[in-house]
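Me: I would like to take a close look at a single part of this protein, and I would be grateful for a careful, connected explanation.

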Amino acid sequence: MHFSEFFRQATGASPYPWQIRLATSPSWPDLLRIPTGAGKTGAILAWAWRRKYGGDDLRSRTGMRLVYVLPQRALVSQTAATARDWLARLGLDGEIGLSVLMGGSVDHAWDLEPDRPWILIGTQDQILSRALNRGYGGVSRFRWPLQFALLHNDVQWIVDEVQLFGDGLATTAQLQAFREQFGTFGPAHTLWMSATASPEWLQTVDVRKAEREIQVWELDEADRQALQERLMASKPLHRCPVELRGPLVKNASAYAKQLADWFTAECRVDGLALVVLNRVSRAQAVYQALRQAMPHEDIRLVHGQFRGRDRAWLAEEARALGDRRAILVATQVVEAGMDIDASLMVTELAPWASMVQRFGRLNRTGKRASARAYWIDVDGADEQACLPYSPESLERARNQLEQLQDVGPAHLPRDVEPLAYRRVLRQRDLLQLFDTTPDLSGNDIDVSPFIREIEDRTVSVYWGAWEGESPPEGLREVAEEDVCRVPLSRLQDYLKRKRKVRGTEQTRRVYTWNSILGQYELVSEQRVFPGWLYLLRAEDGGYDPQLGFDPESWVKVADPVQVAPVTEVDAEDAEEDNGPAPARPVTLAAHTLDVVREAEALGHLAGDENLADALREAAFWHDAGKRHPLFQAKLRLAMLGEARYRDQYGEHSGSLYPPHEPELLAKSGVEIGKVPSVRVLVSDAASSAPAPGSGTISAAQDGENLPSDGVRGEVATLAPPALTARRVRGFRHELASALSYLDAVPPAAVNDLRTRLVAYLIAAHHGKIRGQIRASATEQVPPDGRLFARGVWEGDELAAYAIPGLGEWPEVRLSLSIMRMGTDRLGRESWAEGVHRLLQAYGPFRLAWYEALLRVADGRASRREEVESREP
């Protein structure tokens, strides 16, 4: 199918010449600089056509995943709805996936599909945080590496409305430079798009080092002829007599009343009137003042601090608003991507790039004969009045406006002001971020300076209703329609406010889910961080469906999230050693065979035969640690429950032992998180046998103190090897798997790069053990001071186990000596040094890609086992 036919089938209109060039050109430009209203979103169709009909050459140059990054949630919703409609009209909605990434949305269907075309549309917060290996918005921290890999390999990025990205724009440029420096699997290109952008904005430090010219595309003569009516649209400009200065800066109500009085007296509304303010609080005040002054008019308010459910009307009615008599009060959310065609515009002074975008919403089609624009001056000597912009940027815009009588596209100067970035991502930052292990305090590197400017950093919040003090886990199920994005400072303002209720001071609380502890935790005002998802109590107010987020409101929030039965949550989202739970148990041999088959099917994505073979070997070994008696005890406890387990694997004295069954399990058939918190007596060849004596040994529950020999109660007479009470929870099988593999490798090859790659893939296949091997703060400490980490103790023994048709895992005594720096007595380099060499050899993007392939193979095998287990 020719692209023109493809485009018409999707949109009902013919493509512009630039859209045809984008679809059919051998390579894409770096910067696409075309006016507002010229169809930039059509780049999605250019990508889809190249993937579907472009032939082998264009397909090989076009990333498997399209990553479409936008600065605002409203734009994401609108763009996603458009793309979804196009795919349906083309009959490609089953062939090309589409996922939306916004705060509160944890859709991760795409991250198990590296071999399927997929469109990812999201905000700069969500996509850039994931691209920096620190995903915002409630996604499991243990999925960060998987999504990091898929966002950097075999991808085409589109960064739209770049003038609104701030420091995040520098991050997109640096990431592209790093992809070119380190290398990726498959193509990895970025297309930046804007009506008002300069190639100089993209010349960050590592882009300059590459000495590569930024390729810029603009409209040609054929495009200008096709867009002539829009380009020649008339938009007379006037200065508004109301100005933001003096006492009005701090008195939003007085300013709003003056503006509403002037508007009522002087502005005849004969179509859509658009009133644009620079701050949400002023927009809320002006909206209320206009409703009071003009009670019979259709007046709407839109800004970025609404829940999805309360701004859903905008996506449905935005285009139709231009055909009716209405007043839309808005903030910067209208500057980009919003297809609004107003006949009257009143706007506060903003930086020139923003003013050009705002004027693009006035007489957008060029068909309105009486369109007019008014601009409100802002006191440049008052920094509070200028916020969120700098006085210098407003001064430059003022100088431009004072020289214009019309702001139609044909009259606007092409000058673009320079950008000065405050924080630029450097190579050392990227390499530090590769390791997702939190520090000893449980904190992560803060990536917010690389995503947005300080005054623009935001959090996502939602309101819930529950009984009791602490929120239950059943409030984790939150839909995008329930989430509201707010500036960090406004959430802090919300928390500072208190009130007296019947003489008692009422304070507000905020909670966040702690995936390591598996519960909600209370967060203080000083401990709220950009990009995080927070739960608020509906009774504490803070929101109005007509005004949006409002720290002053104490009215109970309507339609809060209700406590729901806990469904199966993300299998990666726990510190516990768990996974998807099929309806029936799955043997360790069967699961290993399934994962190896999936890894072989993904081998073509490894890059060459040697890497495909390493992936297959890692798949064979990835669950070898599940032979450990603690893991087998955990599965049997989940299957049987504690009472039946005691009957089957305990003695009359009450002690518990690991199961000794001929067939080992990989999956229990029930959710692992339900395992009782108990200890079992494990044969411990690494410890000395206790002294002869008499008495009983009893199982110790978590939280009970153990004597130095690790057993609660009197010690019975035991023959060597000793029995040690070990906690069932907290054990990580993939660490034991990697140690088993390293022990089986000939000593001469144990430090080879390939050996270390296979070991890394094994250990990292759940995202919990990557750059470091470190004990968790909550795990059981061995009584004799030996090395330990993630439930594995130095000297743990695993029996041999055969996988029919594949091979055998030999008997092994696990050693954790590679936790230490330097070289151990067997000549093995440390784990950290091995990972460092892998990063040097493969770079962060390709290493993450190989890691992702094993995770995908494991995830797909588990998904298929789950489906098959539920079939009759």
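Which exposed residues does the face of H12 turned away from its buried side carry?

Reply: The model is a predicted one, and in it the face of H12 turned away from the buried side carries the exposed residues Ser-253, Lys-257 and Ala-265. To see where that face belongs, it helps to begin with the helix as a whole: H12 runs through residues 252–266, which makes 15 residues, and from its first C-alpha to its last it reaches 21 Å, close to the 21 Å expected at 1.5 Å a residue. The buried residues of this helix are Tyr-255, Ala-256, Leu-259, Ala-260, Trp-262 and Phe-263. Because these buried residues cover an arc of only 165° around the axis, they lie on the same side of H12. The spacing of such positions follows a general rule, for an α-helix has 3.6 residues a turn, so residues three or four places apart point the same way.

The next step is to ask what this buried side meets. The buried residues of H12 pack against two kinds of element: among the strands these are E9 (272–276), E11 (326–330), E12 (344–348) and E13 (372–376), while the helix they pack against is H13 (280–293). Taken together, the picture is of a helix with two faces, one with buried residues such as Leu-259 and Trp-262, and the other, turned away from that buried side, with exposed residues including Lys-257.

Technical notes: Residues are numbered from 1 along each chain as its sequence is written. This is a predicted model: local features need pLDDT of at least 70, side-chain atom pairs count only at pLDDT 80 or more; totals for chains, interfaces and linings use all residues. Side-chain values use heavy atoms; hydrogens and water are left out. Helices (H or I, at least four residues) and strands (E, at least two) are DSSP runs, numbered from the N terminus. The expected span of a helix is 1.5 Å times one less than its number of residues. Buried means under 20% relative accessible area, exposed over 50%, partly exposed in between (1.4 Å probe, protein chains only). The arc is that of the directions from the helix axis to the C-beta atoms. Contact means heavy atoms within 4.5 Å.
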